[in-house]
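Hi,

Here's the structure I promised to pass on. Have a look at it first, and then read on for what turned up.

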Amino acid sequence: MTAPELPRRPPAVGVRGLTLLLLLVAGALSYEGLGLTAAGLWPNEGGLAVAREFFGRALTPAWTSEARFVPPGTPPLLLDALGAAGRTVLYAAAAMSLALVIGVVLGFLASSSWWTLGERRGIGRTVTGALWFVARAVIAAMRSIHELLWAVLLLAAMGLSDLAALVAIALPYGGTLAKIFSELIDEAPRDAGEALRGAGAPALSVFTFALVPRAAPDMIAYTFYRFECALRSSAVLGFFGFPTLGLELRQSFRSTNYGEVWTYLYVLIALVIVFDWWSGRLRRRLVTT
Amino acid sequence: MSGAGRDLEIDRLRRARPRDRFVRRSLFAFGALLVGAWLVGGFDLGDAFSEQRLRNVDRFLGEIRPYPLQGEAWDHGVFLEWARGLWVEKGALAVGRTLGIAVLAIVLAALLALPFSLAAARTVATPEPYVPSGRPPTRWNRWAWRGLVGVTRTGLVFLRALPEYVWAYLALAILGPTAWPAVLALALHNTGILGRLYAETVENVPTGVPAALRGLGAGRTQVAAAALGPALLPRLLLFFFYRWETCVREATVLGMLGVVSLGYHIADARVRGRHDEFVFLVLLGAAIVLAGDLVSTWARGLVRRAS
């Protein structure tokens, strides 16, 4: 009789533990490298005055304009803020519709299942392989440039125009949607697809009727999540001169009307929370697992 | 089965398919929003193709040619010299700082998110975590814990509802132009996101091990350290790297506010009208983002495979 085999003693620090330690070291090195000090977290005199004034208004946002001169007939500030919020939603929605078109087309082209379904040989195989590669490269290029960088690029090229704002959001978002869509399609359960394949269905039918429907709930949930991000991006584009919440926010902050700043901040927060709630509830309904 | 019988069966299955009113209405509303935005928005798109704009674009495309090569024949040597100069003079340091901001911010966010996620998890922040105590908790006690969960969750929503850029803009006005505003902005926004993700993960940990420890008399902190921590670590690391990717993207951009990351030099080149440098640095930013994606994908694979 041999002695029962004892479980092996685990290493004192595993791969994950080591990763964790390395991350802490990386954080400390970054702190050193950036030349930061703990004292830098405390504002100087001027900053302190701004902070006091700014945070002093946190609980008393402005209901009417705080500008020195308010022309008669100016609508109340809240209407102003809601108008800006509406424009924020409109820019986000229009950009998102463009991004969805890009995302669906490129996402299908970049999904591996799309190309591996049919049995192609010779020249057909080369062409499809090349298309797949090009789609991936285009997606990477669109995604890797941040929407604000797209915005300044387009602003520099053509000046302030609605198209610049929409395209600036649509390109990186379209790329991200395409990447995630292709992954979702590739990772969707293959059961229905195999059954259709076995029954002799052509590749295109298998793709449209078996693979895509299986991935659709996740794709919809992800689109909603990205729309929430698009709202934030659209608001921030205001800092570059587009008429969304960021523009109002910056103007009010510059004229030190901090009550107004808080009004805009709260409207932005409320906007994001509403869509966060919506997309969260939809996700729970759609993604049951 | 064939013919009419099969059609009937298909029809029956179609009718019996699961349908959800909320989902259908949401999809309809979302579709209407996407289409309606074009109708209501009044976007002036034709204006983008006016003669003057096209001239602008034409000029811009001429100006992104490296400065020493403008009006000259293309020369690889000159181009490389120009690119190397920009990299040595500005690029290298800015890239280092951008990555530093992203790393420090996400490490801070992860550290901050840990306690918040415990306070936001309904399985931990309750009078009787994992096992009933035998003595029913007082109503006051119950409400206090529920209040903690509610306040923490609301706080996390606030943190993530504001974009990094807005956080950084506000922090910059108060703290002045060090790297802190960018670091804090990214850390705060990501604390909100990681806190929520971590809290959901905590709630999904199988109850076996934590309940056993509780039965032996361990408190919340001990359960968190000995049972939840090890069970969570893989997912925490996955989320960590996933968010680090976005931190790299955002850190590049936050510099445009005047903080020392790549964005600062991008905004500076644009103001000076040096569109060649401007585009070079934007592409450099894209390169860091791609590199960050690769590192993150690699690290996530490593974490997933290690068991």
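How many salt bridges does a search of the whole structure find over all chains? There are 22 of them. Before you get too attached to any one pair, keep in mind that this is a predicted model, and every value below was computed from it.

**Where the two chains meet**

Let's start between the chains. Five salt bridges are counted between chain A and chain B. As a reminder, side chains of opposite charge can pair when their charged atoms come close. Here are two salt bridges to click on:

- B:Asp293 and A:Arg143 meet through their side chains, at 2.3 Å from N to O.
- B:Arg160 and A:Asp276 form a salt bridge too, with N to O at 3.5 Å. B:Arg160 sits in helix H5 of chain B (residues 139–161) and A:Asp276 in helix H11 of chain A (residues 258–286), so this pair joins two chains.

As for the interface as a whole, 78 residues of chain A touch 78 residues of chain B. Between them the two chains bury about 6800 Å², and 78% of that is on carbon and sulfur atoms. On the chain A side, the residues that lose the most area to chain B are A:Arg16, A:Leu34 and A:Leu149, which together make up 10% of what that side buries.

**Helix packing inside chain B**

Next, three helix pairs in chain B. Two packed helices are described by the angle between their axes and the distance between the axes, and that is how I've set them out.

First pair: H6(B) (residues 164–175) and H7(B) (residues 180–203) pack at about 140 degrees, with axes 8 Å apart. The two are therefore oblique to each other, and their crossing is right-handed. From H6(B), the contact includes B:Trp167, B:Ala171 and B:Leu175, and from H7(B) it includes B:Trp180, B:Leu184 and B:His189. By class, the contact residues split into eleven nonpolar, one polar and one charged.

Second pair: H8(B) (residues 208–215) and H9(B) (residues 220–254) have axes that come within 9 Å and cross at roughly 145 degrees. This crossing is right-handed. B:Val209, B:Pro210, B:Leu213 and B:Arg214 of H8(B) meet B:Val223, B:Ala226, B:Ala227 and B:Leu228 of H9(B). Seven of the residues in this contact are nonpolar, none is polar and one is charged.

Third pair: the axes of H10(B) (residues 262–271) and H11(B) (residues 275–305) come within 8 Å and cross at roughly 160 degrees. That angle makes H10(B) roughly antiparallel to H11(B). H10(B) passes H11(B) in a left-handed crossing. Among the contact residues are B:Leu262, B:His265 and B:Arg270 of H10(B), along with B:Glu277, B:Phe278 and B:Ile288 of H11(B). The contact of H10(B) with H11(B) has eight nonpolar, three polar and two charged residues.

If you open just one view, try B:Arg160 with A:Asp276, the pair that joins two chains.

Cheers

Key. Residues numbered from 1 in each chain as written. Chains lettered and ligands numbered in written order. Predicted model: local features only at pLDDT ≥ 70, side-chain atom pairs only at ≥ 80, totals over all residues. Heavy atoms only, no water. Axes fitted to C-alpha atoms, helices over the stretch in contact; angles between N-to-C directions. Helix = DSSP H or I, 4+ residues; strand = E, 2+ residues; numbered from the N terminus. Parallel < 35°, antiparallel > 145°, perpendicular 65-115°, else oblique. Left-handed = near helix turned anticlockwise from the far one by under 90°. Contact = heavy atoms within 4.5 Å. Nonpolar A, V, L, I, M, F, W, Y, C, P; charged D, E, K, R; others polar. Buried area = accessible area lost by both parts, 1.4 Å probe. Salt bridge = Lys/Arg side-chain N within 4 Å of Asp/Glu carboxyl O.
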